Amino acid sequence: MPLFGQLRSYDRAWLRGDLIAGVTVAALIVPKNLGYAGIAGIPLQNGLYAAAAGAIAYAIFGTCRQISMGPSSGLAAVAASAVLAAGITGEQDVASFVAGITLASGVLFLLLAVLKMGWIAQFLSKAVVTGFLFGAAIDVVIGELPKLTGTEVTGSNPIQELWSWLGTLGEAQPTTVVVGAIALAVVFGLKAVAPQVPGALVLVVGGLLAAALFDLGTKGVALVGDVPSGLPSLQVPDGQLMWDHIGTVALAAVAVVLIGFSQTAGDARAFAAKHRYQIDINQESIAQSLANIAAGLFKGMPVSTSLSASSLNDHSGAKTGLASLTSGVTVLLTLLFLAPLFSNLPKPVLAALIIEAVVMGMMNVPELRRLARVQKFDFWIAIAAIIGTLIFGVLAGVVIGIVLSLFWLVRVATHPEMPSLGREPGTQVFREADGHPG
């Protein structure tokens, strides 16, 4: 339990920074986790259960002092795709199924730690991960469009859903469209004009105030419905439901591990290098395992690191895992005293929150441009991952990604770069001829 080692050498001067960072991060992640729960199709409070469980478990067992652990848009998209692939309906069954996937991924993380196989999480090439997440983001955005217009759509893949949505625009509910348009303008406008302002928090508070002032519920705008207060209870997911869809559960758990751990390990290394301390990658596997097991047992969803929340944690003065512990406790207090307030949140506002989260968090346009400029082969692999995810679904995109990674690995191994060298006149120094034509 690395936290106890941090506390033994704790400097009291750090306390203010840790507490401020914890509360600040909680203000960011509470509204975002409502959106992530919406992506996964589970009750909104379950996203907060996962946020609290993940933050507290990682604070105790993780070795990186600035990481913020909780649900993410990418893992939420994986969970949603698994629910769709399994054909599960009914809010409680969906919640149990997602919690089961979370628990299974936690067990898989633990297995990797015991076998010291954390390196396997680096198997997916960056190009494949970039393409997969980009495609998943497009899938999520298309899925949220009907909430912005108050219409219903059909279709078995994102392309069909988009075509169906375009055909329903004549039936759009005017007030819902206005609320959705304003919500999108606010959240993206703040990101462009004042990126330091927590746009998700502003959007949620503004949506709740608008719902109360203008009585939006009686004017045709759908609200999210009952969000109960109180702490989560320990509950093992439905074993029979898991067994009936064991293949889907296994594939989703593998996806969570590959995506989640690669993100966490990279962020942990970056923060450790910045602040000059050591991390233990094997212990990181254990920490992520216990964070997901805790989230699964408390009716949550898969958790991983959030780069935006972790960066805010760092910039706000976090020095130890006490900051993450403070975030988790603050989320629990929110569940106890503020959760019912979210019941009146308009669905188009929630949709705008989700769209902003996946567009800004999963659509890495600069990386695609870099790949197109630096390495064309990797760029086309990323494009193939995007197309595969859109046509066959997010979960199938994981399989496509693994196949593409194998293809990439074979290609790199069999076509190593072999530059021609030339000696600089009058010296014994050799340089690449392409870069030094003289």
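**A guided reading of the predicted chain**

Of the 438 residues in this chain, 50% count as buried. The model is a predicted one, and the paragraphs below move from the whole chain to its interior, its salt bridges and its surface.

The chain contains 18 helices and 4 strands. Its radius of gyration is 23 Å, close to the 22 Å that the globule rule gives for 438 residues, so the chain is as compact as a globular protein of that length. Measured out along the principal axes, the C-alpha trace would be described by spans of about 85 × 60 × 50 Å. Contacts tell us how distant parts of the sequence are brought together. Among contacts in the chain with a separation of 6 or more, 82% are accounted for by residues 24 or more positions apart.

The interior may be considered next. In soluble globular proteins, nonpolar side chains tend to be buried together. In this chain, the largest nonpolar core has 95 residues. Which residues have the most contacts inside this core? They are Ile42, Cys64, Val78, Phe97, Met301 and Val331. Ile42 may serve as an example: leaving aside its neighbours within four places in sequence, Ile42 is in contact with Ala37, Gly47, Val94, Ala95, Val98 and Met301. Met301 thus appears again, having been named among the core residues with the most contacts. A second, separate core has 14 residues, including Phe134, Ile381, Ala382 and Ala385.

Charged side chains form another kind of pairing. How many salt bridges are counted in the model? The count comes to 4, and three of these pairs are described here.

One salt bridge joins Lys147 and Glu144, whose closest N and O atoms are 3.2 Å apart. Both residues belong to helix H6, which covers residues 126-149, and because they are 3 residues apart there, about one helical turn separates them. Is Glu144 buried or exposed? With a relative accessible area of 6%, Glu144 is buried, whereas Lys147, at 28%, is partly exposed.

Another salt bridge links Arg370 with Glu367, and here the closest N and O atoms are 3.0 Å apart. These two residues lie in helix H16 (residues 365-374); since they are 3 residues apart, their separation is about one helical turn. Arg370 counts as partly exposed, at 34% relative accessibility, while Glu367 is buried, with a relative accessible area of 8%.

Arg431 and Glu424 also form a salt bridge, with the closest N and O atoms 3.0 Å apart. Arg431 is partly exposed, its relative accessible area being 38%. Glu424 is likewise partly exposed, with a value of 30%.

The surface completes the picture. The chain exposes about 19900 Å², and carbon and sulfur atoms supply 65% of this area. Which residues make a nonpolar patch on the surface? Leu231, Val329, Leu333, Leu336, Phe337, Leu338 and Leu341 make such a patch, of about 660 Å². Val329, one of these residues, is placed in helix H14, which covers residues 322-337. With a relative accessibility of 39%, Val329 counts as partly exposed.

Note on methods
Residues numbered from 1 in each chain as written. Predicted model: local features only at pLDDT ≥ 70, side-chain atom pairs only at ≥ 80, totals over all residues. Heavy atoms only, no water. Patch = residues over 30% accessible without salt bridge, like charges linked within 9 Å, V, L, I, M, F, W, Y side chains within 5 Å. Areas by Shrake-Rupley, 256 points an atom, 1.4 Å probe, with all protein chains shown as cover. Buried < 20%, exposed > 50% of the residue type's maximum accessible area, 1.4 Å probe, protein only. Rg over C-alpha atoms; globule rule 2.2 N^0.38 Å. Contact = heavy atoms within 4.5 Å. Core = buried A, V, L, I, M, F, W, Y, C linked by side-chain atoms within 4.5 Å.
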